[in-house]
Amino acid sequence: MAATSHPAATTVALQTLAMGGNAVDAALAAAGVLSVVEPHMTGIGGDCFAMVAEPDGSVHGVNGSGRAPAMLDAAMLRDAGHNRVPPTHAHAITVPGALRGFEFLATKFGTRPFEDLLEPAIRLARDGWVVADRVAHDFANPKDPRDVDQDPVLNRVFRPQGRVPAAGDSLVWPQLAKTLQTIQRDGVEAFYTGEIARDIVTHIRDRGGVMSLSDLATCRADAVTPIRADYRGLTIAELPPNGQGVTALVTLKLMERFDVASMEALGVDRFHLEIEAARAAYSLRDAYVADPETGADPDQLLDDAVIDALAAQIDLSARNTQLTLPPLADADTVYLAVADAEGRMVSLIYSVYDDFGALTATEATGIVLQNRGSAFSLEAGHPNELRGGKRPLHTIIPAMALQDGKPVMPFGVMGGAYQPLGHAHVISSLVDYGMDVQAALDAPRVFWNVATTQPIVESPLGEPMIEALTKRGHAAGPAKRAIGGGQAIWRDPSSGTLTGGSDPRKDGCAAGL
């Protein structure tokens, strides 16, 4: 079974499985396709994280995120008058780590070389793909005033008729197709050390950046050990920092201190608790989560004494006015889950951060470059302070659920900063309310406006929820767009039967063989 955010990727994943590939092969083939058909969300100029559950029940993590250029530091931006990293500045572009992550996954867990899995993506980029509904909506409704018109490559590819593409329009991307063919022929190393690397470095330096060929050449993916926490009979595995997976676990541990099941599934009590638990968890994230060399040990943040102290600050009748959060990133991504007949499962997430990353693509190679460096802090001494060679705090987090020690569900929720609360919301829907995976992904969501940090409410909950939250001290309002997305596959631990779910907030689907 495969569940992805786009039908083309789900189809390719199933084709790969049908031709004898395993879940890792299928996930990587699908990821390649997503880099073409959801270009504002993801691409080979971005980062990835993944978890693989092997048939023996072991769960492995892979960190495929890149680092800041070695010559860059926060003082350079502070001296230029910035108090945060500008999202479209060349200094926001970190080394793309995704391809190293894919290479690692293919070598360690797959049955085919990664390069052999690129053919579907090459074909779509070269011959054309059809713009899907959600993608067209995102093209027409960017999250901020930035626009692809200012970049010649993006403008040429995504404004071929001088207008924003509509659903049903076809696009081609010959530069990217050629780049993928080069990687297919010469291997991932060609991206990091060859003409592609030179094109990336030249492009960034022409825009005032300091990335070097050495920064690209030394990029490596790392094997990491997932961190875990229990929630009423399910064990949730997340990846350790520099991702924010620990934030999801803190949120769940806080919610476990309360009788969630007694609250109405779509009632104000539940959503108020989720908001307050998440605000407390995110406060820890913003203070302590960073590159593991400088951030806090996640086990310290998950300590019961820390959770108890945070839980004591949650008032079920009113917003905690003593807790403040800085503005959060408003970004999105793609997520996919795959399960094969041998019992192997993959949870993979992959992003360029903001819409079209740093809003620039390389001229010769057609690579959209991520702006993940905008997640660094410029505060002197902060654990997440920008420094050369350091990984930034990351929003994208794959997850895996286990029952009685056995992996049963790869899952993920997209939506930038929303992801930790999204994980908690989906798990609570499964555990506290007995929903299946599709119903848990469908269920309406509440988060908060990333600029004002006040709650936003999806339309199915409507004005009654806005009024109820406002009475508890939240200056709530309607969400202007769907909050995130998500995919999941549940494997019944006794029968092995697979049940897939795909979020209707995206174009994707779940399907099996």
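**Figure 1. Pro478 and its contacts in the predicted model.** Setting aside residues up to four places away in sequence, Pro478 touches Ile456, Val457 and Ile466. This is a predicted model, so please read each view in that light. Pro478 sits in strand S15, which covers residues 477–478. Is Pro478 buried or exposed? Its relative accessible area is 57%, and because exposed means over 50%, Pro478 counts as exposed. For a sense of distance, look for Asp269: it lies 209 residues away from Pro478 along the chain, and the two C-alpha atoms are 18 Å apart.

**Figure 2. The open sheet that holds S15.** Let us step back from Pro478 to the strands around it. Three strands, in the order S13-S14-S15, make up an open sheet with mixed pairing. At its edges stand strand S13 (446–448) and S15, each of them paired on one side only. S15 joins strand S14 (residues 455–457) through 2 bridges, and the two pair in the parallel sense. Within this pair, Ile456 is found opposite Gly477 of S15. Ile456 is also one of the residues that Pro478 touches.

**Figure 3. Two helices on the S13-S14-S15 sheet.** Which helices meet this sheet, and which strands do they touch? Helix H13 (residues 268–288) lies across S13 and S14, and runs at about 40 degrees to S13. Helix H18 (residues 462–471) packs on the sheet as well, with contacts to S13, S14 and S15. The direction of H18 makes about 160 degrees with that of S14.

**Figure 4. Helix H13 meets helix H16.** H13 takes part in a further contact, this time with a helix. The axes of H13 and H16 are 10 Å apart, and the two helices pack at an angle of about 140 degrees. This angle makes H13 oblique to H16, because only angles over 145 degrees would count as roughly antiparallel. The crossing of H13 past H16 is right-handed. From H13, the contact is made by Arg270, Phe271, Glu274, Ala278 and Tyr282. From H16, the residues are Gln419, Pro420, Leu421, His425, Ser428, Ser429 and Tyr433. Sorted by class, this contact of H13 with H16 has 6 nonpolar, 4 polar and 2 charged residues.

**Figure 5. The open sheet of 6 strands.** Here the strand order is S7-S8-S11-S12-S16-S17, and the pairing is antiparallel. Strand S7 (227–231) and strand S17 (498–502) are at the edges; each has a single partner strand, so one side of each has no neighbour in the sheet. On average, and with direction ignored, neighbouring strands are turned by 20 degrees against each other. Helix H12 (residues 245–256) lies across S7 and strand S8 (234–238), at about 20 degrees to S7. Helix H16 (residues 419–433), familiar from the view of H13, packs on this sheet too and touches S7, S8, S11 and S12. Between the directions of H16 and S12 the angle is about 130 degrees.

**Figure 6. Strand S11 between S8 and S12.** How many residues of S11 are buried? The count is 4 of its 5 residues, so this strand is mostly covered, where buried means under 20% relative accessible area. S8 and S11 run antiparallel and are joined by 4 bridges. S11 (residues 399–403) and S12 (residues 406–414) are also antiparallel, with 5 bridges between them. Leu402 is a handy landmark here: Thr235 stands opposite Leu402, and Leu402 stands opposite Pro407 in S12. S11 and S12 form a hairpin with 2 residues between them, and Asp404 in the turn has a positive phi of about 55 degrees.

**Figure 7. Two loop residues, His91 and Asn384.** His91 belongs to the loop between helix H3 (74–79) and helix H4 (98–109). With 9% relative accessibility, His91 counts as buried. Leaving out residues up to four places away in sequence, His91 touches Leu72, Met76, Leu77, Val85, Gly208, Gly209 and Val210. Asn384 is in the loop between strand S10 (345–351) and S11. Asn384 counts as buried too, at 3% relative accessibility. Among the residues that Asn384 touches are Val289, Ala290, Phe376, Lys390 and Arg391, again not counting those up to four places away in sequence.

Notes
Residues are numbered from 1 along each chain as its sequence is written. This is a predicted model: local features need pLDDT of at least 70, side-chain atom pairs count only at pLDDT 80 or more; totals for chains, interfaces and linings use all residues. Side-chain values use heavy atoms; hydrogens and water are left out. Two strands pair if DSSP finds at least two bridges between them. Axes are lines fitted to C-alpha atoms, for helices over the stretch in contact, and angles run from 0 to 180 degrees between N-to-C directions. Contact means heavy atoms within 4.5 Å. Buried means under 20% relative accessible area, exposed over 50%, partly exposed in between (1.4 Å probe, protein chains only). Angles under 35 degrees count as roughly parallel, over 145 as roughly antiparallel, 65 to 115 as roughly perpendicular and the rest as oblique. A crossing is left-handed if the near helix is turned anticlockwise from the far one by less than a right angle, and right-handed if clockwise. Ala, Val, Leu, Ile, Met, Phe, Trp, Tyr, Cys and Pro count as nonpolar, Asp, Glu, Lys and Arg as charged, and the others, Gly among them, as polar.
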